[in-house]
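User: I would like to go through this structure with you and hear the reasoning behind each label. Could you set the values against the cut-offs as we go?

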Amino acid sequence: GGIIQGSQFEDCNPAIRLDGKEYSSNGQYNKVIGCHFYGPPDSVGVEVTSRAADCKVALNTFSNIATENWVRDNGEGTQIFGIWI
């Protein structure tokens, strides 16, 4: 899996999309750690699709984005923790 760490995203929708392919491990074990997301309230910070598995979204900050849009999780086994405003 890949790691996106310490990055800043402004006015993106979604800022990050964790996705995968059914026949490979591209969507497994990806991590988004310590990033800052700023955008319009209706934008999505991190989107985890149903083809992603065992991803981690941790210790990120979200500004000016509606709480329900911080992480949109449709993946399997996603760990989400330590999110701050």
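Analyst: We can begin with strand pairing: two strands are said to pair if DSSP finds at least two bridges between them. The model we are looking at is predicted.

User: How do you know that β5 and β8 pair, and in which direction do they run?

Analyst: Three bridges join β5 to β8, and since the cut-off is at least two bridges, the two strands count as a pair. They run parallel, and within this pairing Tyr38 has Ser63 of β8 as its bridge partner.

User: What is the order of the strands in the sheet that contains β5 and β8, and why is one side of some strands left without a neighbour?

Analyst: The order is β2-β5-β8, an open sheet of three strands with parallel pairing. Here β2 (8–10) and β8 stand at the edges, and each has a single partner strand, so one side of each is left without a neighbour in the sheet. From one strand to the next, the twist averages 10°.

User: Which strands form the other open sheet with parallel pairing, and what joins β3 to β6?

Analyst: Three strands in the order β3-β6-β9 form that open sheet, and the pairing is parallel. The edges are held by β3 (16–18) and β9, each with a single partner strand, so each has one side without a neighbour in the sheet. The twist averages 10° from one strand to the next. Three bridges join β3 to β6, which meets the requirement of at least two, and the bridge partner of Leu18 in β6 is Val48.

User: Which residues have the most contacts inside the largest nonpolar core, and which elements contribute to it?

Analyst: The largest nonpolar core has 16 residues, and Leu18, Val32, Phe37 and Val46 are those with the most contacts inside it. The elements that give two or more residues to this core are β3 and β6. Leaving aside residues up to four places away in sequence, Leu18 touches several residues, among them Val32, Val46, Val48 and Cys55. As a general matter, nonpolar side chains tend to be buried together in soluble globular proteins.

User: Why is Val44 called buried, and what does Val44 touch?

Analyst: Val44 has 5% relative accessibility, and because buried means under 20%, the label applies. The residue lies in the loop between β5 (36–38) and β6 (46–48). Not counting residues up to four places away in sequence, Val44 touches Cys12, Asn13, Pro14, Ala15, Asn69 and Arg72. Val44 and Val71 are 27 residues apart in sequence, and their C-alpha atoms are 6.8 Å apart in space.

User: What makes Asn69 count as buried, and where is Asn69 found?

Analyst: Its relative accessibility is 9%, which is under the 20% cut-off, so Asn69 counts as buried. Asn69 is found in the loop between β8 (61–63) and β9 (71–73). A polar atom of the Asn69 side chain lies 3.3 Å from the backbone oxygen of Pro41, a distance that falls within the 3.5 Å allowed for a polar contact. Apart from its neighbours within four places in sequence, Asn69 is in contact with Pro41, Asp42, Ser43, Val44 and Gly45.

User: Why is Asp11 called exposed, whereas Tyr29 is called partly exposed?

Analyst: Asp11 has 55% relative accessibility, and exposed means over 50%, so the label fits. For Tyr29 the value is 46%, which lies in between the 20% and 50% cut-offs, and therefore Tyr29 is partly exposed. Each has a positive phi in a residue other than glycine, near 55° for Asp11 and near 65° for Tyr29. Asp11 is placed in the loop between β2 and β3, and Tyr29 in the loop between β3 and β4 (31–33).

User: What is the peptide bond from Asn13 to Pro14?

Analyst: That peptide bond is cis, with omega near -10°, and Pro14 has its place in the loop between β2 and β3.

User: How many helices and strands does the protein have, and why is the protein called as compact as a globular protein of that length?

Analyst: There are zero helices and 10 strands. The radius of gyration is 12 Å, close to the 12 Å that the globule rule gives for 85 residues, so the protein is as compact as a globular protein of that length. Buried residues make up 36% of the 85 residues, and among contacts between residues at least 6 apart in sequence, 73% join residues at least 24 apart.

Methods:
Residues numbered from 1 in each chain as written. Predicted model: local features only at pLDDT ≥ 70, side-chain atom pairs only at ≥ 80, totals over all residues. Heavy atoms only, no water. Helix = DSSP H or I, 4+ residues; strand = E, 2+ residues; numbered from the N terminus. Buried < 20%, exposed > 50% of the residue type's maximum accessible area, 1.4 Å probe, protein only. Contact = heavy atoms within 4.5 Å. Polar contact = N/O pair within 3.5 Å; in protein donor to acceptor, adjacent residues only side chain to side chain. Axes fitted to C-alpha atoms, helices over the stretch in contact; angles between N-to-C directions. Core = buried A, V, L, I, M, F, W, Y, C linked by side-chain atoms within 4.5 Å. Rg over C-alpha atoms; globule rule 2.2 N^0.38 Å.
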